[in-house]
Amino acid sequence: MTERDTAPASPGPAMTVVSPDGDDRGVVALAGEPIRVGREPDNDIVLDPDPARVISREHCIIERVGRRWWMRDLDSRNHTYLERRGVSAQVDRVELLHGDAVCLHADGPAERVEGSDIRFWRLAFSDPGETQLATPLKWLQYFPASQTVWVLGGVQLPQRVDAPPKARRMLLFMLARYRELDEPRDGVFASHAELKAALWSDDSDPQRRSDGAVANVAWELRPALGDDDQRLLQTETGAGYRLVPRP
């Protein structure tokens, strides 16, 4: 690590770097500038040795947004994980809370043995001050290859969306359109007619379904998203629904 990476521990926000073998690699004081993490020597936190090249050249970044600290994956090959309260999940962008650990795989697929513990580099985030409280905003992370969706934000660890079949179909239809439109800032709109065609594609005439039938699917989807305030899935009265995956 560089000189600024070996700063002594302080009451302010910091990352403690722990190797896969449990060695303390020092404390990184977070002052304001983004902290890049990867295997290349020009990163702020260099994770080496890495003979299997599991860590990407620039793997992830720790950056301040307003008064909060966030981790953002930089399209790494082996992904970045967050551990919170003993549970871990793959994330691409997440707000860090006091006690979180950013985890990066240390072993390539060839070195991983079934039934054995997975080894990680761990970057433990500590900040007993103002950044320990989470934003109430939530957003969605979509993995097209696996057709899975996660809810991020709030004080809880990212949660995988487990919705009833029709609600899941509605969500995936709208997320696919959102990606096709290059993720517009105001989300994506789908009319009642478009949703009927997507949800009841096996019907001879999906448009015979009532708008109320679409509303029932939307009401099934919202609890799966934890969307009590209807920020993620918004009703456009008499027209359809708007999905806003990111605030």
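**Entry 1. Confidence**

I began with the weakest part of this predicted model: residues 2-10, where pLDDT stays under 50. For that stretch I noted 15 contacts beyond four places in sequence. I then turned to residues 109-116, where the pLDDT is also below 50. Here the model has four contacts beyond near neighbours in sequence. For the chain as a whole I recorded a mean pLDDT of 85, with 84% of the residues at 70 or more.

**Entry 2. Overall composition**

I looked up the secondary structure and found three helices and 17 strands. Of the 247 residues in the chain, 45% are buried. I also checked how far apart in sequence the contacting residues lie. Among contacts between residues at least 6 apart, 49% join residues at least 24 apart.

**Entry 3. The pair E58 and R36**

A search of the whole structure gave me 13 salt bridges. I took up the one between E58 and R36, whose closest N and O atoms are 3.1 Å apart. Which parts of the chain does this pair link? E58 sits in the loop between β4 (45-46) and β5 (60-65), while R36 belongs to strand β3 (residues 35-38). The two residues are 22 apart, and the pair links distant parts of the chain. I checked the accessibility of both partners. E58 has a relative accessibility of 38% and therefore counts as partly exposed. R36, at 31%, counts as partly exposed as well.

**Entry 4. The network around R242**

I next examined D186 and R242, whose side chains meet in a salt bridge with an N to O distance of 3.8 Å. This pair, too, links distant parts of the chain, 56 residues apart. D186 is placed in the loop between α1 (165-180) and β15 (188-191), and R242 in strand β17 (residues 240-243). I found a second salt bridge on R242, made with E236 at 2.7 Å, N to O. D186, E236 and R242 are thus linked in a network of salt bridges.

Is each member of this network buried, or is it partly exposed? The relative accessible area of R242 is 17%, which is under 20%, so R242 is buried. D186 counts as partly exposed, at 48% relative accessibility. E236 is also partly exposed, with a value of 26%.

**Entry 5. Helix α2 against helix α3**

I then turned to the helices. Two packed helices are described by the angle between their axes and the distance between the axes. For helix α2 (residues 192-199) and helix α3 (residues 211-225), I noted that the axes come within 10 Å and cross at roughly 70°. That angle makes α2 roughly perpendicular to α3. From α2, the residues H192, L195, K196 and L199 meet D211, V214 and V217 of α3. I sorted the residues of this contact into four nonpolar, one polar and two charged.

**Entry 6. Helix α1 against helix α3**

At what angle do α1 and α3 cross? I recorded roughly 80°, with the axes coming within 8 Å. α1 and α3 are therefore roughly perpendicular to each other. The α1 side of the contact consists of K166, A167, M170 and L171, and the α3 side of V217, A218, E220, L221 and L225. I counted seven nonpolar residues in this contact, no polar ones and two charged. V217 appears in the contact with α2 and also in the contact with α1.

**Entry 7. Two loop residues**

I finished with two residues in loops. S19 lies in the loop between β1 (14-18) and β2 (24-29). Is S19 buried or exposed? Its relative accessible area is 4%, so S19 is buried. I looked up what S19 touches beyond residues up to four places away in sequence, and found R25, F120 and W121.

G66 is in the loop between β5 and β6 (68-73). With a relative accessibility of 62%, which is over 50%, G66 counts as exposed. I also noted the separation of G66 from G32, 34 residues away along the chain: their C-alpha atoms are 9.9 Å apart.

Terms used:
Residues numbered from 1 in each chain as written. Heavy atoms only, no water. pLDDT = per-residue confidence, 0-100. Contact = heavy atoms within 4.5 Å. Salt bridge = Lys/Arg side-chain N within 4 Å of Asp/Glu carboxyl O. Helix = DSSP H or I, 4+ residues; strand = E, 2+ residues; numbered from the N terminus. Buried < 20%, exposed > 50% of the residue type's maximum accessible area, 1.4 Å probe, protein only. Axes fitted to C-alpha atoms, helices over the stretch in contact; angles between N-to-C directions. Parallel < 35°, antiparallel > 145°, perpendicular 65-115°, else oblique. Nonpolar A, V, L, I, M, F, W, Y, C, P; charged D, E, K, R; others polar.
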